[in-house]
Amino acid sequence: HTRTCFIICPIGDEGTTTRARTELVTNHIIRPAVEACGFLPENIRRADEIPKPGIITSQVIEQLVDADLVIADLTDGNPNVFYELAIRHVVRKPLVLLIERGYPLPFDVAPNRVIFYDRADWDSPKRCRDAVRAQIDSGAVASENPISAAIDLQSFRQSSDPIVKSNAEVLARLESLAGSVNMLMLIASRPPRPNSPFAYSANPF
């Protein structure tokens, strides 16, 4: 079996700062780390690199469901990225999350291990590559996420066992409390957003 990796991220049009950042992160962090884990270069791709003709949305969903690994860059809070992230959460397969330091991390994904990259830090690419490789080597299994938790909770609530149903209500309350705590912690620790996506030093990364 030849392993595949699909990258979900803000892509942007040619010549935009979004596209420039995405190329930097893809080429200096994601591809080197994934290739070091044994993935072939031609099996690591973004939506704009899918070679076969067809409806792009269907092809993206196919990649999200079938890929052995998905790596998501959450920078900019792009709606398409979070739509695709939700699909990957449903299938409960290996997933690695990245975001640029200084951008807000949505509280729904805050409990997950997220790798922060910093284009103002020359050492950031290597640290991030090492972190990506470590998550891949460990399985990078994000089996617990808001969607999977809701599915499991609904299943427990429909159980004929009264103890299981009672435990489901306790879990629901704990989940709500954890969500509130995560949001408060995130607000308290959130660093200031940079003035511009490209407000960084002369570092080519």
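The following paragraphs lead through the secondary structure, the sheet, the salt bridges and the cysteines of one protein chain.

The structure is a predicted model, in which local features need pLDDT of at least 70 and side-chain atom pairs count only at pLDDT 80 or more, while totals for chains, interfaces and linings use all residues. Residues are numbered from 1 along each chain as its sequence is written, and side-chain values use heavy atoms, with hydrogens and water left out.

The chain holds six helices and five strands; here helices (H or I, at least four residues) and strands (E, at least two) are DSSP runs, numbered from the N terminus. Read from the N terminus, the elements follow the order β-α-β-α-β-α-β-β-α-α-α. The chain has 205 residues, of which 38% count as buried; buried denotes under 20% relative accessible area, exposed over 50%, and partly exposed the range in between (1.4 Å probe, protein chains only). The exposed area of the chain is about 11,000 Å², with 57% of it supplied by carbon and sulfur atoms. Such areas come from the Shrake-Rupley method with a 1.4 Å probe, and for residues only the protein chains shown count as cover. Of the contacts (heavy atoms within 4.5 Å) between residues at least 6 apart in sequence, 66% join residues at least 24 apart.

The five strands form an open sheet in the order β2-β1-β3-β4-β5, with parallel pairing. Two strands are taken to pair if DSSP finds at least two bridges between them. The edges are occupied by β2 (44-46) and β5 (114-117), each of which has a single partner strand, so one side of each is left without a neighbour in the sheet. Neighbouring strands of this sheet are turned by 25° against each other on average, direction ignored. The underlying axes are lines fitted to C-alpha atoms, for helices over the stretch in contact, and angles run from 0 to 180 degrees between N-to-C directions.

The pairings can be followed across the sheet. Strand β1 (residues 5-8) runs parallel to β2 and is joined to β2 by three bridges, with F6 opposite R45 in β2. Helix α4 (residues 124-137) packs on the sheet, where α4 touches β3 (69-73), β4 (95-100) and β5, and the direction of α4 makes about 165° with that of β5. Between β1 and β3 there are four bridges in the parallel sense, and I8 stands opposite A72 in β3. Four bridges likewise pair β3 with β4 in the parallel sense; D73 faces L98 of β4 there.

Strand β3 is mostly covered, with five of its five residues buried. The cover extends to both faces: L69, I71 and D73 are buried on one side, and V70 and A72 on the other.

The whole structure contains nine salt bridges, a salt bridge being a side-chain nitrogen of Lys or Arg within 4 Å of a carboxyl oxygen of Asp or Glu. One of them links R19 and E14, at 2.7 Å from N to O. The two partners differ in setting: R19 is buried, with a relative accessible area of 11%, whereas E14 is exposed at 65%. In another, the closest N and O atoms of D121 and R127 are 2.4 Å apart; D121 is partly exposed at 21% relative accessibility, and R127 is partly exposed at 48%. Elsewhere, salt bridges that share partners join E23, R31, R46, D48 and E49 into one network. Within this group, E49 and R46 form a salt bridge whose closest N and O atoms are 4.0 Å apart. R46 is buried at 1% relative accessibility, while E49 is partly exposed at 30%. R31 lies in helix α1 (residues 17-36) and is buried, at 15% relative accessibility. Apart from neighbours within four places in sequence, R31 is in contact with T26, P41, I44, R45 and E49.

What does a search of the whole structure find for disulfides? The search finds zero, where a disulfide is a pair of cysteine sulfur atoms within 2.5 Å. The sulfur of C5 has its closest cysteine sulfur in C37, at 9.6 Å, which is too far for a bond. C5 is buried, with a relative accessibility of 1%. C37 is also buried, with a relative accessible area of 13%.
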